[in-house]
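Visitor: I'd like a close look at one part of this protein, the nonpolar core and what sits around it. Could you walk me through it?

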Amino acid sequence: MASIRTPISETSFFARNWSDHLQNSHILSQNLSFSSHGVRSLQFGNVKLSFSRSNTVKNSSQTQSPAEIEWTQISDVPLLSSAEVIERLRTSRETYKSKQQYLAMFSSVFGGITTDPAVMVIPLDDHMVHRGHGVFDTAAIMDGYLYELDQHLDRFLRSATMAKIKLPFDRESTRKILIQTVSASKCRIGSLRYWLSAGPGDFQLSPSGCHQSALYAIVIQDQSSSDHSGIKVVTSSVPIKPPQFAVMKSVNYLPNALSKMEAEENDAYAAIWLDDGGLIAEGPNMNVAFVTKEKELVMPSFDKILSGCTAKRVLVLAEGLVRDGKLQGIKVRDVTVEEGKQAEEMMLIGSGVLVRPVVKWDDKVIGSGKEGPVTRDLLNLILEDMKSGPTTVRVPVPY
């Protein structure tokens, strides 16, 4: 391990696509070499990493994948200065292709806003990173306005209280910070996501060693085209979170991620959770609603699931459809799976999808198998509300 302290000027340059090599086993195998002395080495660009072989012995007829190989020693890793770390972060970010562009970030840790994506990082010892002790929320940016900022911020504060995290700033100061971050980004269409964590301090289980809670915010511009076509969903086999955690928008989204992955593995867009009584609950990051044969808009109760800001706004906007005779009523109540699958229309509702028609659930076609008229009307209403709604849901951003 002596070589770890070799000055960076005397070491080889670490490959910028390190993670790509680790994620692609065929590339990994091409760079994996064996010696008669039990030492393996990996070549990444101009850097050679040497690993000593473990004492594990397998039958020669067995195939051992790179992931199963135990390595106990590594050498020739460059020791970087802070300037070199920042430069490599910048190079890595520039070469990484993503449909999402990060335009500005606020961090209470460094006490300001940056527009350099390379330094949009948080400390590793932040309690949110290694213990999941944090909450978050998101507000859409539409035509230079923050949509439902105050509604999302209120939920953010409720989640913080449930997670026992104190804000480093009062509500009004937090609100101003979020608006100023969007202003600095110059983004007029995108999203603002923000987090509150117990803060950095140490790697203990208790947050008592955290110096102060931390507020982070980032402005994201998603360059992927919007898609409102009909989708398929499946019933999730991943256990739903207990109500105490489901009603809180915390960063503990492993069940949500596994549920989404399960859907994708079954050629579906999302997986629908059922509660402990077998009633319809929600999707991994969206609410669900139905139009019954009696032309009622029904949505599962929020007492055991996350209270969706977009879903609540849709319920308000849907009152216009009742006045126009397109709906006979609106109800928030328990919904059985049988009732849901027999509905005329089914939709997912959330800040990421807005209103998305579901045309198939598991093997059951919903309604006509096409986008329904109420779903389409609700999508148009929410889009119109985002562009020209009242001041209660649209906060202007000074650019």
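Guide: Let's start with a cut-off: a residue counts as buried when its relative accessible area is under 20%. Asn 287 comes in at 5% relative accessibility, so it counts as buried. Keep in mind that this is a predicted model.

Asn 287 is part of strand β12. Its side chain gets to the backbone oxygen of Leu 306, at 3.5 Å. Setting aside neighbours within four places in sequence, Asn 287 has contacts with Phe 302, Ile 305, Leu 306, Gly 308, Ala 311, Met 347, Leu 348 and Ile 349.

Met 347 is a good way into the core itself. The largest nonpolar core has 29 residues, and Met 347 is one of those with the most contacts inside it, along with Leu 297, Leu 378 and Ile 382. Several elements each supply at least two residues of this core: β6, β12 (287-291), β13 (296-299), α9, β15 (345-350), β16 (354-361) and α12 (373-388). The largest share, five residues, comes from α12.

Now pick out Leu 378. Not counting residues up to four places away in sequence, Leu 378 touches Leu 297, Val 314, Ala 318, Leu 321, Met 347 and Val 355. There's another core too, lying apart from the one we've been exploring, with 26 residues, among them Leu 146, Ile 179, Leu 196 and Val 219.

Next, helix α9, which spans residues 309-317 and holds Thr 310. At 7% relative accessibility, Thr 310 counts as buried because the cut-off is under 20%. A polar atom of the Thr 310 side chain lies 3.4 Å from the backbone nitrogen of Ser 351. Beyond four places in sequence, the contacts of Thr 310 are Glu 148, Ile 349, Gly 350, Ser 351, Leu 354 and Ile 382. Ile 382 you've already met, as one of the core residues with the most contacts, and Ile 349 turned up in the contact list of Asn 287.

What about α12 and the sheet? Helix α12 lies across β6, β7 (145-147) and β18, and runs at about 30° to β18. Those three strands belong to an open sheet of seven, ordered β5-β4-β9-β8-β6-β7-β18, with antiparallel pairing. At the edges are β5 (112-114) and β18 (394-396), each pairing on one side only. From one strand to the next, the twist averages 25°. Over at the β5 end, β4 (residues 100-107) pairs with β5 in the antiparallel sense over three bridges, and Met 105 has Thr 114 of β5 as its bridge partner.

Strand β6 (residues 134-142) deserves a stop, and Phe 136 lies in it. Phe 136 has 9% relative accessibility, so it counts as buried. Leaving out neighbours within four places, Phe 136 is in contact with Phe 156, Arg 193, Tyr 194, Trp 195, Lys 249, Ser 250, Val 251 and Tyr 253. Arg 193 is 57 residues away from Phe 136 along the chain, yet their C-alpha atoms are separated by 7.2 Å.

Finally, zoom out. The protein has 12 helices and 18 strands, and 43% of its 399 residues count as buried. Among contacts with a separation of 6 or more, 67% involve residues 24 or more positions apart. The accessible surface comes to about 20,800 Å², with 51% of that belonging to carbon and sulfur atoms.

Note on methods. Residues are numbered from 1 along each chain as its sequence is written. This is a predicted model: local features need pLDDT of at least 70, side-chain atom pairs count only at pLDDT 80 or more; totals for chains, interfaces and linings use all residues. Side-chain values use heavy atoms; hydrogens and water are left out. Helices (H or I, at least four residues) and strands (E, at least two) are DSSP runs, numbered from the N terminus. Buried means under 20% relative accessible area, exposed over 50%, partly exposed in between (1.4 Å probe, protein chains only). Contact means heavy atoms within 4.5 Å. Accessible areas come from the Shrake-Rupley method with a 1.4 Å probe; for residues, only the protein chains shown count as cover. A polar contact is a pair of N or O atoms within 3.5 Å; within protein, one must be able to donate a hydrogen and the other to accept it, and residues adjacent in sequence count only if both atoms are side-chain atoms. A nonpolar core is a set of buried Ala, Val, Leu, Ile, Met, Phe, Trp, Tyr and Cys residues joined through side-chain atoms within 4.5 Å. Two strands pair if DSSP finds at least two bridges between them. Axes are lines fitted to C-alpha atoms, for helices over the stretch in contact, and angles run from 0 to 180 degrees between N-to-C directions.
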